[in-house]
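User: I'm new to this one and would like a close look at a single part. Could you walk me through the sheet and whatever packs around it, then point out a few other things along the way?

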Amino acid sequence: MSRLTELPVWKQLKARRAQMEDVHMRELFAQDPQRFARFSLEFRDILFDFSRNRITGEILDLLYQLARDTGVPEYIEKMFGGEHINHTEDRAVLHVALRDQSGRAIKDAGRNVMPEVRAELRRIREFSEAIRTRRWRGYTGQPITDVVNLGVGGSDLGPVMATEALRPYAIHDLGVHFVSNVDESHITDTLEKLKPETTLFIVVSKSFTTQDTMVNAETARKWLLDGHGNADILRQHMVAVTSNVARAGECGIPEENVFAMWDWVGGRYSLWSAVGLSVAIAVGMEHFEDMLAGAHAMDEHFRNAPFEENLPVTLAMLGIWYVNFFGAESCAILPYDQHLHRLPAYLQQLEMESNGKRVDRDGRVVDYHTCPVIFGELGITGQHAFYQLLHQGTRLVPADFIAPINSYQCIPLHHRILMSNVFAQTEALMRGKTEDEARAELEAEGLSGTELEALLPYKVFPGNKPSNTILYRTLTPATLGALIAMYEHKVFVQGVVWNINSFDQWGVELGKQLAKTILPELDADAEVTSHDSSTNGLINHYKKLRGD
């Protein structure tokens, strides 16, 4: 048995879980008219309602105690203090430094990183303003009208999500595009509407060796140089975000066009750095800095607020409750805000790449579940797709509902219908519909006898399905920053409790290694026999039918 599952508080939680088996949330609300007030928290303009969870005050206290007993307070200080808590790569975890507004020193190996962070922010401001004001010109003297971000994973998902989320703040005659897929359709579909003389590419790769990104960058380079013998034109049309300045130079990008990345920032936590250059270009540096400020405010809250008042800690421990004590295998992210349509995909990487681990910090295989499958979609879309499973399926799927009190445009009829669905769905998941209620409803519709009894089982909803509701006034840059930081810290807390390293990602390597082996085999004429029969068969079938 692991140390975690042997903790006294863990065993107490197991006992409370057994006691909750037959307790319905309807009963909990009936017993406590103040349940909403007791089980909701506020941070600035964000309201976090977690009253619709299968918990009591005693269970919540035990969950906070579990966080303390597993070292969460100590690890928070280790992270903010620059200790190398990413022990498998011997790195600090300092994405909080990228948005720090306090003026204090933040150190890695005794060196204050804040001067270089601030210097890079100044460069981002200068460059983004040059693009937005049309001072930066292409090789023909025309201003840049389109920016294409080439990246994958954290170099794409974060910027895409934030740019879409802050779309109301963008200049709409400046196109910002994102290409992540090595499938040629992604870059060719993007470029077919653009002109080389007015297009800027941002190549984002920490190592500048990521295969998908570098293949797309080479295609972009050829597209820019088509018909031109002078590679110097790349100076006006390509910049890089990387820690490998030399490699960027080999690709024709001069050093003055290279923005910094640091090894103490993981890719999925890098939005706050020059990886967010496309965001700054799209919405302006003032709004980008507002997003950083909102994230910093959440950092300070996370670091200093008691656990009982701490949004990220509470969100994290509720997740632990369902994963480890109810056996929940998935969690749904359900934004009711069109501009957050890329948030579920962003959180998939943030959570599953961080905590999808089977080995603890001591190198031992764990004997408990870690990260659930994260999935989601815009709420209204999801209602007509997979909510059937949430309401009447056999799986327990905790869900986060995320919605604005006011949207940027806020056409009253649209928004009231939207919000009525938020409130109705969370109530329906909690309450369900009993057999007696379903029977009365069918009788009111005029059904009776055999016809009623035959339909009755299909109209019953068990309810007792947990959900969190996160409301904010409007999706401003600061609010977006706070929301993202809240989920970052949720992931961190859960990683500490599970005793895993949330900041490496060795699991992505094997497929890449095998792809490098297979790639030259696709170019050779000989039949492939070096793999298992399925892989051999698929490769040979592909080679036979692909044509020239």
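Analyst: Let's start with helix α7, residues 114-132, which lies across β5 (146-150), β7 (199-204), β8 and β9. Against β9, helix α7 runs at about 140°. Keep in mind that this is a predicted model. A second helix, α10 (residues 211-225), packs on the sheet too, touching β5, β6, β7 and β8. The direction of α10 makes about 160° with that of β7.

Now for the sheet itself. It's an open one, built from five strands in the order β6-β5-β7-β8-β9, with parallel pairing. At the edges sit β6 (175-179) and β9 (258-260), and each of those pairs on one side only. On average, neighbouring strands here are turned by 20° against each other, if you ignore direction. Zoom in on one edge: β8, covering residues 238-242, pairs with β9 in the parallel sense over three bridges. In that pair, Val241 stands opposite Phe259 of β9. As background, strands of a sheet pair through backbone hydrogen bonds, either parallel or antiparallel.

For the antiparallel kind, look at β1 (residues 40-43) and β2 (residues 46-49), which pair that way over four bridges. Here Leu41 stands opposite Phe48 in β2. The two strands form a hairpin with two residues between them, and Arg44 in the turn has a positive phi of about 50°.

Another helix to look at is α6, residues 72-80, whose buried residues are Val72, Tyr75, Ile76, Met79 and Phe80. They all end up on the same side of α6 because they cover an arc of only 135° around the axis. The spacing fits a general pattern: an α-helix has 3.6 residues a turn, so residues three or four places apart point the same way. What covers the buried residues of α6 includes α5 (57-69), α14 (285-304) and α22 (477-497). Just after α6 comes Gly82, with a positive phi of about 85°.

Last, the cysteines. The disulfide count comes to zero. Take Cys371: it's in no disulfide, and the nearest cysteine sulfur, that of Cys331, is 8.9 Å away, while the cut-off for a disulfide is 2.5 Å. Cys371 counts as buried because its relative accessible area is 17%, under the 20% limit. Cys251, at 18% relative accessibility, is buried as well.

Terms used. Residues are numbered from 1 along each chain as its sequence is written. This is a predicted model: local features need pLDDT of at least 70, side-chain atom pairs count only at pLDDT 80 or more; totals for chains, interfaces and linings use all residues. Side-chain values use heavy atoms; hydrogens and water are left out. Two strands pair if DSSP finds at least two bridges between them. Axes are lines fitted to C-alpha atoms, for helices over the stretch in contact, and angles run from 0 to 180 degrees between N-to-C directions. Contact means heavy atoms within 4.5 Å. Buried means under 20% relative accessible area, exposed over 50%, partly exposed in between (1.4 Å probe, protein chains only). The arc is that of the directions from the helix axis to the C-beta atoms.
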